[in-house]
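Please look over the sequence and the model shown here before reading the report on strands, core, ligand shell and loops.

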Amino acid sequence: MFLVTGATGGLGRQIIRILTEKEMSVRAFVRLNSTYSELENRGAEIFIGDLKIDKDIDKASQGIEYIISAHGGAGDAQAVDYRANIELIDSAVKVGVKHFVFISVLGANRGYEDSPTFKAKKEVEKYLKASGLNYTILQPSGFASNLLPLAERFRDTGIYLLIGDSKNRTSIVSTDDLAKISVDSVSVEAASNQILPVGGPEIIYRGEISQIFARIFNREPIVINPPLFVFDGLRNALGLFNPELQKTLGTLRVLLANEFFCTSEEIENLERIFEMKMESVESYIRRKMEV
Ligand SMILES: NC(=O)c1ccc[n+]([C@@H]2O[C@H](COP(=O)([O-])OP(=O)(O)OC[C@H]3O[C@@H](n4cnc5c(N)ncnc54)[C@H](OP(=O)(O)O)[C@@H]3O)[C@@H](O)[C@H]2O)c1
């Protein structure tokens, strides 16, 4: 049986869809306040808990063979991105889990001091590698599903908001491809004990996203492009009232200010290991928005 954390998230929902379509048994770790009926209707076993509570993690891990850690801790990196994963790894060792898949982030090893999330991912990677468990660490770039609300706004208004340098490169990954890779990682021999960067098939400038939208929706883009110092100014001002929020925004700052892309060799390696072709961001958006 699989245990999937973050089962109600953008990636987690796709992982549950694939597992249940394959008729594999899966326990979805969800919070009571989240929307999880779709997962239950698909046939997932629902475990209600909170990843901040060690006892819940221990209980959810009973009888589990495979764990896919796909949760993220908006606003509480220490408790959710770091500690919950450490507890999950310890529980996995205790119950003898066969394979642990950890969703990290591209650039986790770059040591961004401003981002608690990046630091947590780096530390969890280290802990998992030293745990003795079979593991696969996936380091994805930005998810294509994040673009869907922006695509909807563009379709309705033509507006695209781009903060920071439009020449920063990215290789946005189809969330569906990443979900398939996450599931296949436990059975594909070549993925065992590997750290794999995961991106889409092409490297694009962030500024090109508005052109992709323009092609898809056949309308001229209105690009609003404030420079990064405007974001910094707002963040500093917010920090006067809410220092915690200012720290949390560090991860967004890192994402806006840096490049996150995979090399063509890394993508070829991924396609060879998982015997698949990665989907382009344009194809993903067209498919999801049925245009
Ligand atoms: N999105 C990206 O572009 C991107 C890029 C690289 C890496 N990643 C990584 O990929 C993973 C999945 O990202 P995502 O965008 O799919 O995440 P997401 O949509 O933000 O979902 C986060 C998930 O974590 C769950 N969660 C948070 N705190 C929890 C707690 N205390 N107890 C139980 N569950 C909790 C949420 O549950 P609720 O529904 O209850 O809130 C939700 O299911 C994360 O590890 C993220 O860091 C994301």
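The report below starts with the basis of the model and then takes up its parts in turn.

## Basis of the model

The model is predicted, so local features need pLDDT of at least 70 and side-chain atom pairs count only at pLDDT 80 or more, while totals for chains, interfaces and linings use all residues. Residues are numbered from 1 along each chain as its sequence is written.

## Strand β4 and its partners

Strand β4 (residues 66–69) is covered on both faces, with Y66 and I68 buried on one side and I67 and S69 buried on the other. Here helices (H or I, at least four residues) and strands (E, at least two) are DSSP runs, numbered from the N terminus, and a residue is buried if 20 or more other C-beta atoms, placed from the backbone, lie within 10 Å of its own, exposed if 12 or fewer, and partly exposed in between. In a regular strand the side chains alternate between the two faces of the sheet.

Strand β1 (residues 2–5) runs parallel to β4 and is joined to it by four bridges, and F2 stands opposite Y66; two strands pair if DSSP finds at least two bridges between them. Strand β5 (residues 99–103) also pairs with β4 in the parallel sense, over four bridges, with V101 as the bridge partner of I68.

## The nonpolar core

The largest nonpolar core, meaning a set of buried Ala, Val, Leu, Ile, Met, Phe, Trp, Tyr and Cys residues joined through C-beta atoms within 7 Å, has 73 residues, and those with the most contacts inside it are V4, I15, I16, A28, I67 and F100. Helix α4 gives the most to this core, with seven residues.

## Around the ligand

The shell around the ligand holds 24 residues, of which G9, S34, L51, H71 and G72 come nearest; a residue is near a molecule if its C-beta atom, placed from the backbone, lies within 6 Å of it. Helix α1 (residues 10–21) supplies the largest share of this shell, three residues.

## Exposed loop residues

G63, in the loop between α3 (54–60) and β4, is exposed because 10 other C-beta atoms lie within 10 Å. N193 lies in the loop between α7 (175–184) and β9 (194–198), and its phi is near 60 degrees, a positive value in a residue other than glycine; N193 counts as exposed because it has 11 C-beta neighbours inside 10 Å.
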